[in-house]
Amino acid sequence: MNWIAPAWLAGLLLLPLLRWLHRGGRPRRAIAVSYLPLWRGAALPPPAAGVSAPPDPAWRRRALLAALLLVALAGPQWPLARRAVTIWVDDAPSMAMHEARGTRLESGLAQARAALATLGPAGAVDVEWRALGDPWRELGAAPDAAAFRATATAATAAAPVVPRYAPAPPPAALLRVDRLQWLVSDGAHAQVFDWPAGRQPDRVFEVGRSRRNVAVVRLAARRHGDGAQRIDLLIELANGGDAPETRELTIASGGASGAAPQRSTWQLDAGQSLTVAATIAGADRVSATLVPGDALPDDDGLSLDLAPLRPRRVAVDPSCPAPLRAAVAAHPGLVQAAAAAAEAALDCGAGGMPPGLPTLRVRAERLPQALGGDLQWSAAVEASARVELDAATLRLAAPLDPADAAVLLAAGAQPLIVEHDAAPRRIETAIDFGAGAGAASAQTPLLVDFLFSRLLRARLLDPIAAVDRGVEAARVVPHHAGAAAAPPALASAPAPAGAPTIPRDATPWVLAAALLVLLWEIAALLRQARRLGAAEPAP
């Protein structure tokens with residue numbers, strides 16, 4: 001039994017005072033009389049001798065009530081056997097490193113299951129398995145290593161990128177005090193042990209002996225600045241081990257270029273990261289791989305889809321003004337294509353554009369007129385995407401109906417650009433591209449870039465494709481390596497003998513017992529009042 005405020009228990013020493021307060025009074029003796037009502041209230045001579053009356057028996061109830069209230073104030077806590085365990089599994093990339101007996105993750109799971117067996121039969125222990133990478137999803141009663149690896153890559157299910165690894169401890173809301181909290185980790189990331197509110201895991205299963213790893217942590221690509229069909233690459237390498245390493249970097253591109261792989265050799269000190277720049281011919285994909293591989297093959301290479309860098313195919317209406325067609329042809333992110341192969345359409349009213357495509361509609365239905373007010377961009381357009389336009393050179397060539405559309409640009413009360421989000425997406429503009437913002441104006445190419453970027457939901461001018469797993473993903477050495485001693489939270493102490501216990505507050509049960517005694521006392525007082533009332537003589 002444990003106590004929150006044991007000082008209240010000192011009040012139990014005052015219970016004998018209750019017995020003294022219920023004493024029977026002065027000694028009395030029994031006198032026989034013929035008729036009791038005639039002698040009621042009569043004064044008798046002081047007794048020479050008598051027998052003291054015993055204390056009122058009610059003192060026992062009242063002492064019990066006082067004792068229960070003092071115990072409740074002391075905060076009793078019963079140590080109860082805890083048969084509920086939450087096992088937090090570190091699903092960091094380093095947990096996939098191969099060791100002598102499988103991966104670190106497999107070894108850690110085996111250790112945790114062996115420890116669970118010491119708590120009792122499988123059905124007698126409530127076990128929750130959770131991954132630090134997706135803490136809010138419970139992974140069932142007996143997940144394997146593949147289940148935890150799936151949580152680490154769940155973010156890539158709908159996108160061809162590797163998520164940037166960001167180690168984090170469990171959320172405070174899931175660290176319930178009525179459950180044991182175990183942690184399976186290789187200790188490679190200190191953030192995993194920084195639990196909220198000063199909490200620490202009840203037990204840590206720390207696995208992993210390998211201490212050498214070099215990874216490709218970032219691969220980024222953009223179109224070459226001279227406009228040729230070449231791609232500039234930036235590749236970041238990181239040594240996550242504790243020893244200098246030498247690796248050969250192989251850059252291979254896929255597609256019709258058929259270019260030979262590029263190879264270079266790099267040396268990295270322990271904990272060092274460096275960036276490698278390269279240029280390749282245009283391709284559909286590019287990969288960067290380190291040779292020779294190490295015990296963590298998952299991060300020895302990265303592959304990147306270069307489709308975001310290719311120009312978007314646009315079907316152009318031949319009736320469009322020449323300055324507008326020239327701006328589309330000059331844009332490095334756009335290329336004119338046949339209607340059957342197009343991804344978007346530029347429609348100037350001549351008809352014949354393929355249906356179902358995102359369409360930029362340029363309306364010219366009347367003679368161009370000067371704008372009737374100042375230019376105003378919608379708050380929905382980011383400040384960095386707004387084009388600086390000269391209202392004095394712009395002309396309005398058609399009325400636009402803003403119903404069921406979002407106005408992106410207006411001149412006073414006149415909409416100049418409206419956007420329809422209903423599929424297929426459509427943007428309409430009433431700006432006259434044959435006058436003012438025409439061939440002699442620098443506004444037209446910038447405005448064309450804004451319109452098609454908005455239409456295609458993509459960055460068209462100097463786009464960048466990248467995949468980044470983060471430098472932390474390469475680390476495999478325990479964060480306390482080289483210290484004089486491991487932090488207490490990392491000490492994988494053996495499980496305590498017997499079943500683990502937690503303090504269970506017993507105050508509600510004590511107060512319930514006190515309530516029952518109080519009701520008992522009230523009932524006794526009521527019975528006594530009725531009895532005394534019945535004994536009163538009639539007047």
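A residue counts as buried when its relative accessible area is under 20%. By that cut-off phenylalanine 205, at 3% relative accessibility, is buried. This residue will return at a later stop of the tour, which concerns a predicted model.

**The whole chain**

Begin with the entire protein displayed. Its secondary structure comprises 8 helices and 28 strands. Of its 539 residues, 39% count as buried. The accessible surface amounts to about 28400 Å², and carbon and sulfur atoms account for 59% of that area. If one takes the contacts between residues at least 6 apart in sequence, 70% of them join residues at least 24 apart.

**First selection: the disulfide**

Select cysteine 320 and cysteine 348. A disulfide joins these two residues, with an S to S distance of 1.9 Å; the count for the structure is 1 disulfide. The link is right-handed, with 100 degrees about the S-S bond. Extend the selection to the surrounding elements: cysteine 320 lies in the loop between strand S17 (312-316) and helix H6 (322-330), while cysteine 348 lies in the loop between strand S19 (344-347) and strand S20 (359-362). The pair thus links distant parts of the chain, 28 residues apart. Both cysteine 320 and cysteine 348 are buried.

**Second selection: tryptophan 182 and its neighbours**

The structure holds 2 aromatic pairs. For one of them, select tryptophan 182 and phenylalanine 205. Their ring centres are 5.4 Å apart and their planes stand at 65 degrees; since planes over 60 degrees apart count as edge-to-face, the pair is so classed. Tryptophan 182 belongs to strand S8 (residues 180-185) and phenylalanine 205 to strand S9 (residues 203-206), so the pair ties together parts 23 residues apart in sequence. Tryptophan 182 has a relative accessible area of 3% and is therefore buried.

Add arginine 203 to this view. Its charged end sits over the ring of tryptophan 182, at 5.9 Å from the ring centre.

**Third selection: tryptophan 377 and phenylalanine 450**

Move next to tryptophan 377 and phenylalanine 450. These residues form an edge-to-face aromatic pair, 5.1 Å centre to centre, with 80 degrees between the planes. Here a strand and a helix are involved: tryptophan 377 lies in strand S22 (residues 375-377) and phenylalanine 450 in helix H7 (residues 443-456), so the pair ties together parts 73 residues apart in sequence. Both tryptophan 377 and phenylalanine 450 are buried.

**Final selection: arginine 113 and tryptophan 129**

Finish with arginine 113 and tryptophan 129. The charged end of arginine 113 sits over the ring of tryptophan 129, 5.4 Å from the centre of that ring.

Notes: Residues are numbered from 1 along each chain as its sequence is written. This is a predicted model: local features need pLDDT of at least 70, side-chain atom pairs count only at pLDDT 80 or more; totals for chains, interfaces and linings use all residues. Side-chain values use heavy atoms; hydrogens and water are left out. Helices (H or I, at least four residues) and strands (E, at least two) are DSSP runs, numbered from the N terminus. Buried means under 20% relative accessible area, exposed over 50%, partly exposed in between (1.4 Å probe, protein chains only). Contact means heavy atoms within 4.5 Å. Accessible areas come from the Shrake-Rupley method with a 1.4 Å probe; for residues, only the protein chains shown count as cover. A disulfide is a pair of cysteine sulfur atoms within 2.5 Å. Rings of Phe, Tyr and Trp (its six-membered ring) pair if their centres lie within 6.5 Å; planes under 30 degrees apart count as stacked, over 60 as edge-to-face and the rest as tilted. A charge sits over a ring if NZ of Lys or CZ of Arg is within 6 Å of the ring centre and within 35 degrees of the ring normal.
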